[in-house]
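Welcome! Let's take a look at one enclosed space in this protein and at a strand that helps to line it.

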Amino acid sequence: MWHRVAGIIIKFRIALLVLLLVATGIMGYFASQVQLSYEFTSAIPTDNPKYIAYQQFRKQFGEDGNLMVIGLQTDRFFKPDFFLSYCKLVKKIENVKSVENVLSIPGAINLIKDTVSGKLRVVKLIPDGNNVNVDSVKKVFLNLPFYKNFLYNPATDAYLMAVRIDKKALNSKNRTKVVKAIQDASETFAQEQNITLHYSGLPLIRTIMATQVQREMRLFLLMSFVLTAVILALFFRSFMAVLASMMVVAVGVVWSLGTITLLGYKITLLTALIPPLIVVIGIPNCVYLLNKYHAEYNLHGNKMKALMRTVDRMGIVTLFTNLTAAIGFGVFYFTKSAVLKEFGLVAGLNIMAIFVISLIFIPALFSFLPTPKGRHTSYLESRWMNKLLSVLTNWVFEHRRWIYVFSILLCGLSIVGVLRLNSVGHIVDDLPKGEVVYQDLKFFEKNFRGVMPLEIVIDTRKKNGAVSLPVLEKMDKLIAELNQYPEIGHSLSIVEGVKFARQAYYDGDSSSYAVPNVFDGAFIQPYLRSKGDKNSMFNKLVASFMDSSKQKTRISVSMADIGSVRLPILLDSIRPKTLQLFDSTHYQVTFTGTSIVFLEGSKFIINSLRDSLILAFIMIFGCMIFLFRSWKILLISVVTNLIPLLITAGVMGWANIPIKPSTVLVFSVALGITIDVTIRFLVNFKQELSRHDDNIAETVRRTIHDTGLSIIYTSLILIAGFGVFALSEFDGTKSLGYLTSLTLLLAMITNLTLQPALLLWIDKAKQKKINTMWLEDEESA
């Protein structure tokens, strides 16, 4: 079959190259249309109950993740020059396009009881005009408990401004402009007042991540090209070999970007890794093909015959090495996570595409080029490389026991390390701990107990039930319980508004800031229907905390990013107290919000990646059975590839690297790539075995020298390529880089030492069986 394929490629090489060029031109057009994703892609499937509950919440109450917060810490906040400058800053931010409103001290309102009608009026804390009595504003503001620990923390002199940004702007490329305009105005104020401002909130975090993704994709693509080109130049010492390989992967990158557009996807944190991955995975194809071409040409000096044999002998190898790599990535498509499905499908398709591109392009191009010169094939006789391979061969034949002992010891230590592994994730997991944005998040956690949203929705199951006194009292008790937890910050609900109204009813007495009782509860309804400024901060807050029928209400909680381990423990602690107050026979309480969705998404991705790893094992080793049809060979390949994965998991345990989506991803990716080396070695072993009269020992010796060179160089290229990701600003991408590089290094070592040693074990068992049969024959004779 492969001889026929080789004949077709050589015979129709011009037509195939033209077809490849046209296809690349078309894909190039689509690649130019690729867009960056600004939306928050959910990790959990759309039929997940918690996802459905979150979508229902968003439909009823709006977004919970569109607040950007700006904080500062100073003891001169109410000094006239500072406060007036801060007021100007608020005005500037309010005028930024796509900013819906700003919750701030200068924009705060107060409730005043009308002495004539007895109704409540909404008045601005700072009246329109230029004459602002800062001392008077301070006195009134500090007498309003509604804002305490919400817009300021008196214990730490910390102050907060919350900027609500339009959802459409957040999910478009305009988000970067909006966030930058807010930060530019804020930094001008900071310089004028010589103060440090702190920024946080999901809009800011997602904007930083989206911008960084775009920048890193370009950087990693460039670095992967440069690194692989340098390694190839050192290997082949041929400009054309390097250029041809670079052209192959460049076409692959164009196709990968075009595929993203054709499938209706956008560039995300995961899909941004695909172009540099195509470079890293595509280069070994070129190395295998060119190495075989040079080796064949050295044997007989016939260029066309060498190219034909290259496709004939290496076609099956490159097919299965790419197929197993595609499986390692492609299994993610079978998860229910949208972000993993996109990554798996695009990566899997383009790994197979790079196989087709390299198989056509390399033989077709080199058929038109001059024959290789001596310097181009001198690497085949490299002294240091041959010496290294001789050392490895000596170890395999003379020190097999030490290889087994060392492997067993490492596995034992790794198992202990695996037992130390723990699973934990944070919403801002990917943010570097030393970056300003991470430190700013900690500022808000320290001074306001965090800014991550948690929503508690209470369905009273009857119209106007949310404004009844018993429900308000229960909510107030629940909020008091929540405040006992150090991880939970300010809680905002209709209760706070009602307490604010009661304080106003008693002429602003702060001691009256409480839920109305049966005696003064008659003015709750007028308060809820108060006719103030419809665009005021207060009325907007009231309207956003109940549905139109006043059957459902919510408690909006700000909390710290406590991670996927602590969050379920915290929720399990809160639920019994909630159910004690809100009996499930009369009420339905739902915990939702970005924090809950993240927790569910983190668990779902880890479970999905675990399942996809099992599926990858089954599919990959199914390919191995089909290819070699031997359970002994299958066993050897399993052991050879499991040990690097086990050691990597052990290193994670000993180094306290937690299991999270980015680190679990390593194992499926690494398995799909490391098995390539095993296939390369075993296919050559199988092809050479018949030529050496089924002499396993001699075939192993020959295979180490025949494949060792290309295995070492392709492994170095892969290690360097994935090592580039270790330079990422995102911890997840960084983990993918150095952990995959470690696994690939270990796989190279096990494939060139443990694997041939185990093949010799087969030979020893075979010889033992023959000797036993011979002795039995002698005894019977």
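β10 (552-559) gives the most to the lining of the second largest cavity, with four residues. This is a predicted model, in which local features need pLDDT of at least 70, side-chain atom pairs count only at pLDDT 80 or more, and totals for chains, interfaces and linings use all residues. Residues are numbered from 1 along each chain as its sequence is written, and side-chain values use heavy atoms, with hydrogens and water left out.

A cavity is a set of points on a 1 Å grid over the protein atoms alone where a 1.4 Å probe fits but cannot get out, and its lining residues have an atom within 4 Å of a point. The second largest one has a volume of about 500 Å³, the space filled by probe spheres set on the points. Its lining counts 30 residues, with L67, F150, V451, S556 and S558 nearest the centre.

Among the other elements that supply at least two lining residues each is β6 (158-165); strands here are DSSP E runs of at least two residues, numbered from the N terminus. Seven of the eight residues in β6 are buried, meaning under 20% relative accessible area. Strands pair if DSSP finds at least two bridges between them, and here are partners of β6:

| Strand | Sense | Bridges to β6 |
|---|---|---|
| β1 | antiparallel | seven bridges |
| β2 (residues 99-103) | antiparallel | four bridges |
| β5 (residues 152-153) | antiparallel | two bridges |

Within β6, Y159 stands opposite L72, R164 is the bridge partner of N101, and A158 that of N153. β5 and β6 form a hairpin with four residues between them, and D157 in the turn has a positive phi of about 55 degrees.

Note on methods. 1 Å grid on protein atoms, 1.4 Å probe; cavity = no way out; pocket = protein on both sides within 12 Å on 5 of 7 lines; lining within 4 Å. Buried < 20%, exposed > 50% of the residue type's maximum accessible area, 1.4 Å probe, protein only.
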